[in-house]
Amino acid sequence: MKPDRCPSCGRLKKRSTDANRRYWALLAEIAQELKPQGQPYSSETWHKYFCQRFLGADEIALPNSNTLIIPHGSSDLDTAEFNDFMTQVEVWAGEHGVYLEMLE
């Protein structure tokens with residue numbers, strides 16, 4: 001299957017609004033259902049976790065000898081890459097007993 005490209009500029013298309021809404025709905029469900037060691041985490045925290053887990057991260061050495069870890073973001077993923085990322089998150093969620101009901 002050929003990647004989905006913009007007909008005018010040839011750039012790979014980004015995820016759709018529906019895909020983005022589904023992703024954040026799943027994150028909200030994870031945030032509501034899962035509380036590791038009794039600790040609640042926001043959807044945004046889960047987003048950063050999944051970005052680091054499935055997309056990787058950059059480690060930056062700081063002057064105080066600490067290391068700053070910056071997860072790669074999902075906003076630059078094209079449609080196919082985002083679908084793969086979403087599948088990884090959905091599989092992880094399912095393995096932890098969290099499922100997203102069908103969205104309209």
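**Group meeting: helix packing and aromatic pairs in a predicted model**

His47 counts as buried, because its relative accessibility is 12% and the limit for buried is under 20%. I start with that residue and work outwards. Please keep in mind throughout that this is a predicted model.

His47 is found in helix 2. Which residues does His47 contact, once its neighbours within four places in sequence are left aside? They are Tyr23, Trp24, Leu27 and Ser74. Tyr23 will come up again, as one of the helix 1 residues in the contact with helix 3.

Now the overall layout. The chain has three helices and two strands, and along the sequence they come in the pattern α-α-β-β-α. The chain has 104 residues, and 23% of them count as buried. Take the contacts between residues at least 6 apart in sequence: 50% of these join residues at least 24 apart.

Next, the helix pairs. Two packed helices are described by the angle between their axes and the distance between the axes. Helix 1 covers residues 17-33 and helix 3 covers residues 79-95. Their axes lie 11 Å apart, and the packing angle is about 20°. Angles under 35 degrees count as roughly parallel, so helix 1 and helix 3 are roughly parallel to each other. The crossing of these two helices is left-handed.

On the helix 1 side, the contact is made by Ala19, Arg22, Tyr23, Leu26 and Ile30. Helix 3 contributes Phe82, Phe85, Met86, Val89, Glu90, Trp92 and Ala93. Sorted by class, that contact of helix 1 with helix 3 has ten nonpolar residues, two charged and no polar ones.

How do helix 2 and helix 3 pack, in angle and axis distance? The angle is about 110°, with the axes 11 Å apart. Since 65 to 115 degrees is the range for roughly perpendicular, helix 2 is roughly perpendicular to helix 3. Here the crossing is right-handed.

From helix 2, the residues that meet helix 3 are Trp46, Tyr49, Phe50, Cys51, Arg53, Phe54 and Leu55. The helix 3 residues they meet are Phe85, Gln88, Val89 and Trp92. This contact of helix 2 with helix 3 divides into nine nonpolar residues, one polar and one charged. Phe85, Val89 and Trp92 of helix 3 are named both in the contact with helix 1 and in the contact with helix 2.

That brings me to the rings. There are twelve aromatic pairs in the structure. A pair of aromatic rings is described by the distance of the centres and the angle of the planes. For Trp46 and Phe50, the ring centres are 5.8 Å apart and the planes are at 25°, so this pair is stacked. These two residues are four apart in helix 2, residues 43-55, and are therefore separated by about one helical turn.

Are Trp46 and Phe50 buried or exposed? Trp46 is buried, at a relative accessible area of 7%. Phe50 counts as buried as well, at 0% relative accessibility.

Phe50 also pairs with Tyr49, and that aromatic pair is edge-to-face. The distance is 5.2 Å centre to centre, with 65° between the planes. Tyr49 itself is partly exposed, with a relative accessible area of 33%.

These residues belong to a cluster linked by ring pairs: Tyr41, Trp46, Tyr49, Phe50, Phe54 and Trp92. Of those, Trp46, Tyr49, Phe50 and Phe54 are on the helix 2 side of its contact with helix 3, and Trp92 is on the helix 3 side.

Last, two backbone points in the loops. Which residue between helix 1 and helix 2 has its place in the loop and, though not a glycine, a positive phi? Gln37 lies in that loop, and its phi is about 50°. At 79% relative accessibility, Gln37 counts as exposed.

The other case is Ser65, again a residue other than glycine, with a positive phi near 75°. Ser65 has its place in the loop between strand 1 (57-61) and strand 2 (67-71). Its relative accessibility is 69%, so Ser65 counts as exposed.

To recap: helix 3 is roughly parallel to helix 1 and roughly perpendicular to helix 2. Trp92 of helix 3 is in the ring cluster together with residues including Trp46 and Phe50.

Definitions and conventions. Residues numbered from 1 in each chain as written. Predicted model: local features only at pLDDT ≥ 70, side-chain atom pairs only at ≥ 80, totals over all residues. Heavy atoms only, no water. Axes fitted to C-alpha atoms, helices over the stretch in contact; angles between N-to-C directions. Parallel < 35°, antiparallel > 145°, perpendicular 65-115°, else oblique. Left-handed = near helix turned anticlockwise from the far one by under 90°. Contact = heavy atoms within 4.5 Å. Nonpolar A, V, L, I, M, F, W, Y, C, P; charged D, E, K, R; others polar. Phe/Tyr/Trp six-rings, centres within 6.5 Å; stacked < 30°, edge-to-face > 60°. Buried < 20%, exposed > 50% of the residue type's maximum accessible area, 1.4 Å probe, protein only.
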